[in-house]
Amino acid sequence: MQSETKARVDQLTSPAGHPVTVLRFEGDIASTSKDAVLGTYQGLPKETAKLILLDFTKVDYINSSGIALVIQLLIEAANSGQKVYAFGLSAHFTKVFTMVGITKYAGLFPSQAEAVAAL
Amino acid sequence: MSEFKSTTVEVRLPSRMGFEKVAMSTAAAVAKLMGFREDRVEDLKTAVAEACINAIEHGNRLNEKLSVGVVMSAGADSLEVKVIDDGTGMRKQPARPDIDRKMHGEEGPRGMGMFLIQALVDEAEWVAGKEGKSSYVRLVIRLDKEA
């Protein structure tokens, strides 16, 4: 029933010259998304992937189990000295992420361009 | 629809993760017919999905022989949604999730469903069923029609 979560990794360079790793998600973010969300994140080289952008542009449904996976990613990133940002959330999920406090640990931006420009 | 007549829509879900989306879509369709604003429909969708996930996972413990009942009662100015399972119901409300405690490993990353439900609808109550069956959560979202 849940739409499979797909994830892919892109590399960008910010205008300030910093390498940025983008995790692009597609489908639902739910309890079945552990490999796509945490597995993809854990496959990144921790020495070089210091700025991480989460792309939710193609995600329609995120439930509390999916939010918990994002929090687990943030915990691991904080323990590895990485900074995490996100973009592409709908107005509703921007509100939900704010309500649960994720915005304290991951800056949210409306678009990739605005996120990359700020890094 | 200029005059909305009170009506009831019922859905019965298998206790399998993912089927909460069926109830979520049905509730959204009813709310749209009633004239709810898009942002309130989104609030309702998340609240109904989380209530169904709790019923599937905690109430019916993923037992596919049990089903989750979802009863949507549309009135003149509000929509009530009851999500019914075969569990014993909530004994106590869980503590409000704390992102700082989660980030520092002092509480688990999960446990946000009930908080989201309460935050997104106008009323939410958890009712334990008699003899440990037919417990339900009752959600109410009030109509604030678009101008």
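This passage walks through the contact between chains A and B, helix α3 of chain A, a helix pair in chain B and one loop residue, all in a predicted model.

The two chains meet through 23 residues of chain A and 20 residues of chain B. On the chain A side, the elements that put in two or more residues are α2 and α3. Helix α2(A) supplies the largest share, with 9 residues. By residue type, the side of chain A that touches chain B breaks down into 14 nonpolar, 8 polar and 1 charged.

Helix α3(A) deserves a look of its own. It spans residues 91-100, and A:F93, A:V96 and A:V100 are buried in it. Looking down the axis of α3(A), the buried residues sit within an arc of 55°, so they line one face of the helix. The cover over these buried residues draws on both chains: from chain A it includes β3 (51-62) and α2 (64-79), and from chain B it includes α2 (38-59), α3 (99-103) and α4 (113-120). Just past the end of α3(A) comes A:G101, whose phi is positive, at about 95°.

Two of the chain B helices that help cover α3(A), namely α2(B) and α4(B), also pack against each other. Generally speaking, a packed pair of helices is described by the angle between the axes and the distance between them. For α2(B) and α4(B), the axes come within 9 Å and cross at roughly 145°, and the crossing is left-handed. On the α2(B) side, the contact is made by B:D43, B:T46, B:A47, B:E50, B:A51, B:I53 and B:N54, while α4(B) brings in B:G113, B:L116, B:I117 and B:L120. Sorted by type, the residues of this contact come out as 6 nonpolar, 3 polar and 2 charged.

That leaves the loop residue. B:A128 sits in the loop between β4 (123-127) and β5 (135-142) of chain B. With 14 other C-beta atoms within 10 Å, B:A128 falls between the cut-offs of 12 or fewer for exposed and 20 or more for buried, so it counts as partly exposed. Setting aside the neighbours within four places in sequence, B:A128 is in contact with B:T88, B:G89, B:M90 and B:S135. As for B:F36, it lies 92 residues from B:A128 in sequence, and the C-alpha atoms of the two are 30 Å apart in space.

Note on methods: Residues numbered from 1 in each chain as written. Chains lettered and ligands numbered in written order. Predicted model: local features only at pLDDT ≥ 70, side-chain atom pairs only at ≥ 80, totals over all residues. Helix = DSSP H or I, 4+ residues; strand = E, 2+ residues; numbered from the N terminus. Arc of directions from axis to C-beta. Contact = placed C-beta atoms within 7 Å. Nonpolar A, V, L, I, M, F, W, Y, C, P; charged D, E, K, R; others polar. Axes fitted to C-alpha atoms, helices over the stretch in contact; angles between N-to-C directions. Left-handed = near helix turned anticlockwise from the far one by under 90°.
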